[in-house]
Amino acid sequence: MITDLRSDTFTRPSAGMLEAMLQAQTGDDVWGEDPSVNQLEATMAEQFGMEAALYCPSGTMSNQIAIKVHTQPGDELICGQHSHVYIYEGGGIAFNSGVQTKPIESDRGMLAAADIVAAINPDDVHKARTSIVSLENTSNRGGGCCYEWEQLEQIRAVCDHHELALHRTVPGYTTHWWLPAKLPKPTAACSTAFPYASTKGWAVPWAPC
Ligand SMILES: Cc1ncc(COP(=O)(O)O)c(C=O)c1O
């Protein structure tokens, strides 16, 4: 057996997964009539304590949609200089949302609340309106580092105070169930948007988020 450690995406669906796909009930999702998608979205929303969930076939798509719905063209997004949304999504934030990005220094992908405060633009007609903070937990380029619960609470407080959305992309969640004991509901509820990828580590042959 070959163990490929290049990425947690190097996984293949098992025979049972493929069989489950073959047997899955299907329907027209545009009309809300795909029972499998409906069940997945309802389960995810319930599990993470969110108002609703939206199935997307990739993590990139879910990030882009989350940013789009929380911003207006001309806004500014704060994120880490190593974050996936900044370096690996093809300029999608600019293209899809018309939003400019302010990447800031981070400690192995983790942003400090004080640095976020310092990066928020003043209410000035010359400045882009800061409207969203994007976190990555765990951090891909940070070597899989993750936030302490207290750090997330501090950042949540900053976002509340400045009326900013908090987008938190969670690529490796399924491989990190051992993280804070408070997972999963409060962790998700700490965020305005909570993209969650189940390809990573589970070998799921698509990426519902
Ligand atoms: C933080 C983060 N966001 C998004 C993605 C992209 O996911 P996908 O390949 O499903 O678009 C990744 C992939 O590793 C990721 O690490």
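Biologist: How much of the protein counts as buried?
Modeller: Keep in mind that this is a predicted model, where local features need pLDDT of at least 70, side-chain atom pairs count only at pLDDT 80 or more, and totals for chains, interfaces and linings use all residues. Residues are numbered from 1 along each chain as its sequence is written. A residue is buried if 20 or more other C-beta atoms, placed from the backbone, lie within 10 Å of its own, exposed if 12 or fewer, and partly exposed in between. Of the 209 residues, the share that counts as buried is 33%.

Biologist: How many helices and strands are there?
Modeller: Both are DSSP runs numbered from the N terminus: helices are H or I with at least four residues, strands E with at least two. Along the sequence they follow α-α-α-β-α-α-β-α-β-α-β-α. That comes to 8 helices and 4 strands.

Biologist: In what order do the strands sit in the open sheet?
Modeller: Two strands pair if DSSP finds at least two bridges between them. β3 (residues 129-136) and β4, for instance, run parallel and are joined by 5 bridges. β2 (100-104) and β4 each have a single partner strand and stand at the edges, so one side of each lacks a neighbour in the sheet. The order of the 4 strands, with parallel pairing, is β2-β1-β3-β4.

Biologist: R168 lies in β4 (residues 165-169); is R168 buried or exposed?
Modeller: Across the chain, its C-alpha atom is 8.2 Å from that of V133, 35 residues apart in sequence. What settles it is the count of 23 other C-beta atoms within 10 Å, which means R168 is buried.

Biologist: Which element gives the most residues to the largest nonpolar core?
Modeller: Such a core is a set of buried Ala, Val, Leu, Ile, Met, Phe, Trp, Tyr and Cys residues joined through C-beta atoms within 7 Å. This one has 24 residues, and I67, L77, I116, V133, I155 and C159 have the most contacts inside it. The elements giving two or more residues are α3, β1, α4 (84-87), β3 and α7 (149-161). With 4 residues, the top contributor is α7.

Biologist: And which residues does I155 touch, leaving aside neighbours within four places in sequence?
Modeller: Contact here means C-beta atoms, placed from the backbone, within 7 Å. Among contacts in the protein between residues at least 6 apart in sequence, 71% join residues at least 24 apart. For I155, the partners are L111, A113, I116, V133, L135 and L166.

Note on methods: Contact = placed C-beta atoms within 7 Å.
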